[in-house]
Amino acid sequence: MNKILGLHHITAIASDAQRNYDFYTKTLGFRLVKKTVNFDDPTTYHFYFGNEVGTPGTVLTFFPWTGISKGRIGAGMATEIGYSVPKGSLEFWKARFEKLNIRFNAGEQFGEQYIDFQDPDGLRLKLIETKEKDEREVWETDEIKAAVAIKGFHTVTLTLKNIKATADVLTEIFGYKQVEKESNLYRYQTDAVENAAIIDLLEIPQASPGINAGGTNHHIAFRVKDEETLMEFREKIVAKGLNITGKIDRDYFFSLYFREPGGVLFEIATDNPGFATDETVENLGSSLQLPTQHEPLRDKIEKALPKLQTK
Ligand code: ZN
């Protein structure tokens, strides 16, 4: 299918690497599927948290920059990530968060129950009992079993001063349709996939621009099957008059980046080759993986990276 297949991954900025690792693996129960470095700044980690194999649509990635200042949520950025959880599991999560002293609010939106909360850097997250069935495989931990484990992305919210131009990209290029609306929140969905298929556009005309630093999202990546489809979308985006990068090899997928007219950095990323290229599925995330160009500097890089306690 040469379509956009929902979300591929989302990338955000954290400060302390250990705190980030602990929250996503221990508190929320994700698997660290890849521990690598920022290709442009190899003394910074790049963590990928997802399900067992890092299926596209489950993966949240971070650049943890020690000591980075806190960013500001605002217009022109992805401002909230909504994860899908099994029906009836919110009671488990509420009890867990109470025990761990994590503040949350419970509510309902588009007929779906949710709780919202923040990660230790202030990144806004939501767990949602989704209307759609969600049969995605999950990663289990001792404390978080499959019956309650987080399935992967349901939606991501983009805050915009005006949604029109962004909505046009979603509908005219990416094949999404507006399906619902609640006051100034507009829901767009693709029927190309069952899950990770929704983008919510929040229109706030008076919103200040966001500042991209700690606790904010850097970009969201949409998913395509392969490189041929990737380049087909490149043509469509160029035809719209938007600037877009050439194809970039990210080792675990191939990517293109462009800034949509509302200011949010969009990426399109391929399913191939996936995360089990330099490690077996069993060993995913267990050791530091470096791209070929940085491998000669491994000793230096390992010394420069913060120590990470993963047991
Ligand atoms: Zn990315």
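Begin the tour by selecting strand β9, residues 152-160, which is mostly covered, since 9 of its 9 residues are buried. Keep in mind throughout that the model on the screen is a predicted one.

**The sheet around β9**

With β9 still highlighted, add strand β5 (77-85); the two run antiparallel and are joined by 7 bridges. Two pairs can be picked out to check the register: Gly82 has Thr155 in β9 as its bridge partner, and Ala78 is matched in β9 by Leu158. Next select strand β12, residues 198-203, which runs parallel to β9 and is joined to it by 6 bridges; here the bridge partner of Thr159 is Leu202 in β12.

Now widen the selection to the sheet that holds these strands, an open sheet of 8 strands with mixed pairing, in the order β6-β7-β8-β5-β9-β12-β11-β10. At its edges stand β6 (105-109) and β10 (177-182), each of which has a single partner strand, so one side of each is left without a neighbour in the sheet. On average, and with direction ignored, neighbouring strands of this sheet are turned by 25° against each other. Helix α3, residues 164-173, packs on the sheet and touches β9, β10, β11 (185-189) and β12, with its direction making about 165° with that of β12.

Before leaving this region, select Ala196, in the loop between β11 and β12. Its phi is positive, at about 55°, although Ala196 is not a glycine. With a relative accessible area of 3%, Ala196 is buried.

**Helix α2 and the residue after it**

Select helix α2, which lies across β5, β6, β7 and β8 and runs at about 20° to β7. Which residues of α2, in the stretch 90-99, are buried? They are Leu90, Trp93, Arg96 and Phe97. A view down the axis of α2 shows why they can be described together: the buried residues fall within an arc of 120°, so they line one face of the helix. The general background is that an α-helix has 3.6 residues a turn, so residues three or four places apart point the same way. The buried residues of α2 pack against α1, β5, β7 (112-118) and β8 (124-129), whereas Glu91, Glu98 and Lys99, on the other side of α2, are exposed.

Then step on to Asn101, in the loop between α2 and β6. Asn101 has a positive phi of about 60°, although it is not a glycine. Is Asn101 buried or exposed? Its relative accessible area is 69%, and Asn101 is therefore exposed, the cut-off for that class being over 50%.

**The other sheet**

Turn now to another open sheet of 8 strands with mixed pairing, whose order is β2-β3-β4-β1-β13-β16-β15-β14. Its edge strands are β2 (31-38) and β14 (248-249), and each has a single partner strand, so one side of each is left without a neighbour in the sheet. Helix α1, residues 17-27, packs on this sheet, touching β1 (7-14), β2, β3 (41-50) and β4 (59-64), and its direction makes about 10° with that of β3.

Within the sheet, select strand β15 (residues 253-259), which is joined to β16 by 6 bridges in an antiparallel arrangement; Phe258 stands opposite Phe266 in β16. Follow β16 to Pro273, which lies in this strand, and inspect the peptide bond between Asn272 and Pro273, which is cis, with omega about -5°.

**The zinc ion**

Which atoms coordinate the zinc ion? Select His9 (NE2), His219 (NE2) and Glu267 (OE), which lie at 1.9 to 2.0 Å. Along the chain these donors follow the spacing H-x209-H-x47-E. Distant parts of the chain are linked here, as His9 is in strand β1 and Glu267 is in strand β16, 258 residues apart. Both are buried: the relative accessible area is 3% for His9 and 0% for Glu267.

**Last stop: Gln289**

Finish at Gln289, in the loop between β16 (265-273) and α5 (298-304). Gln289 counts as buried, at 10% relative accessibility. Its side chain makes a polar contact of 3.3 Å with the side chain of Glu279. Leaving aside residues up to four places away in sequence, the residues that Gln289 touches include Lys34, Lys35, Tyr252 and Arg298.

Key:
Residues are numbered from 1 along each chain as its sequence is written. This is a predicted model: local features need pLDDT of at least 70, side-chain atom pairs count only at pLDDT 80 or more; totals for chains, interfaces and linings use all residues. Side-chain values use heavy atoms; hydrogens and water are left out. Helices (H or I, at least four residues) and strands (E, at least two) are DSSP runs, numbered from the N terminus. Buried means under 20% relative accessible area, exposed over 50%, partly exposed in between (1.4 Å probe, protein chains only). A polar contact is a pair of N or O atoms within 3.5 Å; within protein, one must be able to donate a hydrogen and the other to accept it, and residues adjacent in sequence count only if both atoms are side-chain atoms. Contact means heavy atoms within 4.5 Å. Two strands pair if DSSP finds at least two bridges between them. Axes are lines fitted to C-alpha atoms, for helices over the stretch in contact, and angles run from 0 to 180 degrees between N-to-C directions. The arc is that of the directions from the helix axis to the C-beta atoms. Donors are N, O and S atoms within 2.8 Å of the metal (3.2 Å for Na, K and Ca); water is not among the atoms, so sites may look incomplete.
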